[in-house]
Amino acid sequence: MNDSPQPSRIAFIGAGNMASAIFGGMLDSGYPAEAIVATSRSQEKRDDISQRYGIRTMQDNLAAVQQADVVVLAVKPQMMRDLCLSLRESVQARRPLIVSVAAGLDAATLDNWLGGDLAVIRCMPNTPSLVGAGASGLYANARVSDAQRQLVAELLTSVGLVEWVEQEAQIEAVTAISGSGPAYFFLFMESLEAAGVELGLSTESARRLALQTAFGAAKMARESVFDPAELRRRVTSPNGTTERAIQTFEEAGLADIVGRATQACAERARELSRELSK
Ligand SMILES: NC(=O)C1=CN([C@@H]2O[C@H](COP(=O)(O)OP(=O)(O)OC[C@H]3O[C@@H](n4cnc5c(N)ncnc54)[C@H](OP(=O)(O)O)[C@@H]3O)[C@@H](O)[C@H]2O)C=CC1
Ligand SMILES: O=C(O)[C@@H]1CCC=N1
């Protein structure tokens with residue numbers, strides 16, 4: 001006899017890059033496909049998702065909500081208001097846990113659009129969730145129960161690291177570091193590959209070397225007892241080759257550039273919040 005509890009039924013509203021990275025990672029880690037449904041307006045995308053992931057897809061957002069314990073809102077922030085207003089009645093009838101992955105939209109605004117008094121978790125995930133190496137920041141409003149916190153943490157832990165934040169404003173910092181962060185590292189990989197080609201390597205070879213080096217450095221930094229600064233020092237021989245490269249980065253103000261880029265990212269999240277909650 002199987003007396004294990006039924007898995008929570010999760011409805012993803014929107015099945016784009018971020019949602020598919022999360023449910024793709026959940027499926028890889030063993031979450032049952034029958035407990036996941038995803039909605040999309042395009043038939044082509046629904047067919048592609050069902051075929052690729054083996055989950056149920058549907059066009060009807062209300063039907064998806066009516067069967068769900070957890071509703072993950074995963075459309076673009078600019079589409080969230082109309083979506084929430086259209087879901088309001090179904091959400092109020094069923095009162096599922098709401099999880100929003102939208103950048104810049106605060107829990108109170110979402111709750112208000114959905115009719116109020118709901119348990120809302122704001123989640124800032126990232127796309128490496130697809131390969132089980134995600135990093136998600138989570139903030140829960142006061143209506144979220146301990147069991148609901150635990151459930152969402154478990155779901156997201158199955159696709160990577162989870163960090164709770166106590167203040168909602170900290171989600172903007174999470175966005176600037178890990179939500180948008182994969183793009184910064186991809187940009188650096190692109191630049192390293194281009195530099196390798198400039199120095200005489202083939203594109204394929206430069207890409208393989210750049211990607212493996214990024215992977216190796218991240219793996220080593222995660223697994224080592226030393227912090228990244230010490231690991232960097234261990235590559236940098238006095239008066240050697242690395243020292244020249246690091247000097248060049250420092251003279252160009254790398255730390256300042258990273259600071260400014262992440263400030264700009266967080267500010268855009270705050271700006272989105274102001275624009276969209278009017
Ligand atoms: N991409 C990333 O790295 C990250 C994204 N996020 C957040 O995730 C959210 C989604 O972003 P992302 O996945 O990149 O965007 P995508 O455009 O890839 O996905 C959004 C999806 O929503 C679907 N959609 C739009 N309107 C509706 C609707 N009314 N009903 C059902 N589905 C709908 C669209 O499909 P269709 O047109 O077929 O309906 C589309 O596939 C955003 O709020 C973003 O801020 C957060 C962290 C990281
Ligand atoms: O660029 C964006 O707005 C989304 C949110 C974080 C990553 N991608």
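**Two domains, one core and two ligands**

Let me begin with the stretch of chain from residue 168 to residue 272, which is 83% helix and 0% strand, and whose end C-alpha atoms lie 15 Å apart. Please keep in mind throughout that what we are looking at is a predicted model. The UniProt record, in an unreviewed entry, places the feature "domain: Pyrroline-5-carboxylate reductase dimerisation" at residues 168-272. The same kind of record, again unreviewed, places "domain: Pyrroline-5-carboxylate reductase catalytic N-terminal" at residues 9-104. Over residues 9-104 the chain is 49% helix and 20% strand, with the end C-alpha atoms 26 Å apart.

Now, besides those UniProt features, there is a domain assignment of the chain, and this gives domain 1 as residues 10-171 and domain 2 as residues 181-271. The C-alpha centres of domain 1 and domain 2 are 32 Å apart. Where the two parts touch, five residues of domain 1 are in contact with four residues of domain 2, and on the domain 1 side the touching residues divide into two nonpolar, three polar and no charged.

Let me turn from the domains to the interior. The largest nonpolar core has 63 residues, and V72 and L73 are the ones with the most contacts inside it. Helix α1, which covers residues 17-28, gives the most to this core, namely six residues. Where does this core lie with respect to the two domains? It lies between them, because domain 1 and domain 2 both give residues to it. If we look at L73 in particular, and leave aside its neighbours within four places in sequence, we find L73 in contact with I13, M80, L83, I98, S100, V101 and A102.

That brings me to the ligands, and A102 is a convenient bridge, since among the 27 residues around ligand 1 those that come nearest are G14, G16, R41, S42 and A102. The elements that give two or more residues to this shell are α1 and α4, the latter being residues 77-94. Sorted by class, the shell around ligand 1 has 14 nonpolar, 10 polar and three charged residues.

And which residues are around ligand 2? They are A103, T175, G179 and S180, and by class the shell around ligand 2 has one nonpolar, three polar and no charged residues.

To finish, I would ask you to remember helix α1, because it gives the most residues to the largest nonpolar core, which lies between the two domains, and α1 is also among the elements giving two or more residues to the shell around ligand 1.

Terms used: Residues numbered from 1 in each chain as written. Chains lettered and ligands numbered in written order. Predicted model: local features only at pLDDT ≥ 70, side-chain atom pairs only at ≥ 80, totals over all residues. Core = buried A, V, L, I, M, F, W, Y, C linked by C-beta atoms within 7 Å. Buried ≥ 20, exposed ≤ 12 C-beta atoms within 10 Å, placed from the backbone. Helix = DSSP H or I, 4+ residues; strand = E, 2+ residues; numbered from the N terminus. Domains from an automatic or database assignment. Contact = placed C-beta atoms within 7 Å. Nonpolar A, V, L, I, M, F, W, Y, C, P; charged D, E, K, R; others polar. Near = placed C-beta within 6 Å. UniProt positions renumbered as here; feature names shortened; annotations may be inferred.
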